[in-house]
Amino acid sequence: MSREPDKTDLDTGDIDLETLGEDVPLLEGIRTTRAIRRLRPDPVPPALIRKVCEAGTFAPSGGNRQPWQFIAVTDPERRAWVAERYRKGFHDYIAPAVEAAKDPAFPEAGRRMQRAAIHLADHLHEAPVHLFVAGFKRRGDPQTQALYPAVQNVLLACRAVGLGASLTTLHRSFGPECDAWLGLPDNCPTCALLPIGWPEGRYGRPPRRSVDTCLHFERFDSERAAAGRPRR
Ligand SMILES: Cc1cc2nc3c(=O)[nH]c(=O)nc-3n(C[C@H](O)[C@H](O)[C@H](O)COP(=O)(O)O)c2cc1C
């Protein structure tokens, strides 16, 4: 398939889930995976949720312990429960940044990102899948670092099959309440919430600084790094 698959392909039966996304070149997929926060409310087939989570299970983990657990919340009332709390936590969090963005010198790209993140927070209940990623603790410590490779694999798989997704963590502002509500045991907290759905827009290359500002051979080069230092 020369274009990205979408929901129409599934509806018309033009493609099957087995082959969907299997032909996206790996590096091109990596370079064009970005936060897709504007999602259509159309449902996502459970088999497709399974497919992107299966990609997650191919991530590395310490000792190959594979601590991840994926919980896909799709019921509208349950999504509304999450969205109501996320929206509040998000607006509290972003308020200072929204204030800072009133400065004319604030970069336009930052404002665009804020708008997209606010849109997601205000429309989270419409995202057809709220995919929570949780993981078993080890020796009492959360294994968040062991979960992020799996999270990234899911995001990449979403890009491959034509789904929109983003990585969010703001649900941690009501983390213990959310984890209990999901039925998770105390030793298996969530680390991420991936709202997933069919994208309103298209995938594309995200804005990134050149690798030449962050790749060093043999020793750290401060001038090289200064050229690409984060703005804020
Ligand atoms: C650890 C982490 C936490 C994040 N938390 C949130 C979040 O709570 N809400 C949100 O909208 N985006 C969140 N993001 C997404 C980032 O804002 C996004 O990856 C970044 O702006 C780059 O977006 P782009 O790939 O579209 O350029 C998070 C990303 C990471 C890596």
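A residue is exposed if 12 or fewer other C-beta atoms lie within 10 Å of its own, and buried if 20 or more do. The legends below apply this cut-off to a predicted model.

**View 1. Arg 139, in the loop between β3 and α6 (144-161).** Arg 139 counts as exposed because it has 5 C-beta neighbours inside 10 Å. The phi angle of Arg 139 is near 50°, a positive value in a residue other than glycine.

**View 2. Gln 66, in the loop between α3 (46-56) and β2 (68-73).** Phi is near 50° for Gln 66, and this positive value occurs in a residue other than glycine. Gln 66 is partly exposed, because 17 other C-beta atoms lie within 10 Å, a count between the limits for exposed and buried residues.

**View 3. Strand β5 (residues 190-199) and the strands paired with it.** Nine of the 10 residues of β5 are buried, and the strand is thus mostly covered. Strand β3 (residues 129-135) runs antiparallel to β5, and six bridges join the two. Within this pairing, His 130 has Pro 195 of β5 as its bridge partner, and Val 129 stands opposite Ile 196. Strand β1 (residues 39-40) also pairs with β5 in the antiparallel sense, over two bridges; here Leu 39 stands opposite Pro 199. Strand β4 (residues 164-165) pairs with β5 in the antiparallel sense over two bridges, and Gly 164 has Gly 197 of β5 as its bridge partner.

**View 4. Strand β3, covered on both faces.** In a regular strand the side chains alternate between the two faces of the sheet. On one side of β3 lie Val 129, Leu 131, Val 133 and Gly 135, and on the other His 130, Phe 132 and Ala 134; all are buried. The count for the strand is accordingly seven buried residues of seven. Besides β5, to which it is joined by six bridges, β3 is joined to β2 by six bridges, and β2 and β3 run antiparallel. Phe 70 has Val 133 of β3 as its bridge partner.

**View 5. Helix α6 and the glycine that follows it.** The 18 residues of α6 should span 26 Å at 1.5 Å a residue, and the end C-alpha atoms are 26 Å apart, so the expected and modelled spans agree. Of these 18 residues, 13 are buried, and the helix is mostly covered. Just after α6, Gly 162 takes a positive phi of about 90°.

**View 6. The largest nonpolar core, with 42 residues.** The residues with the most contacts inside this core are Val 52, Val 133, Val 154, Cys 158, Leu 194 and Ile 196. Two or more core residues come from each of α3, α4 (76-100), α5 (108-123), β3, α6 and β5. The largest share, 11 residues, is that of α6. Leaving aside neighbours within four places in sequence, Val 154 is in contact with Val 52, Cys 53, Ala 55, Gly 56 and Leu 194.

**View 7. The shell of 13 residues that surround the ligand.** Arg 34, Ala 35, Thr 168, Leu 170 and Pro 206 are the closest residues to the ligand. By character, the shell divides into eight nonpolar, three polar and two charged residues.

Methods
Residues are numbered from 1 along each chain as its sequence is written. This is a predicted model: local features need pLDDT of at least 70, side-chain atom pairs count only at pLDDT 80 or more; totals for chains, interfaces and linings use all residues. A residue is near a molecule or strand if its C-beta atom, placed from the backbone, lies within 6 Å of it. Ala, Val, Leu, Ile, Met, Phe, Trp, Tyr, Cys and Pro count as nonpolar, Asp, Glu, Lys and Arg as charged, and the others, Gly among them, as polar. Helices (H or I, at least four residues) and strands (E, at least two) are DSSP runs, numbered from the N terminus. Two strands pair if DSSP finds at least two bridges between them. The expected span of a helix is 1.5 Å times one less than its number of residues. A nonpolar core is a set of buried Ala, Val, Leu, Ile, Met, Phe, Trp, Tyr and Cys residues joined through C-beta atoms within 7 Å. Two residues are in contact if their C-beta atoms, placed from the backbone, lie within 7 Å.
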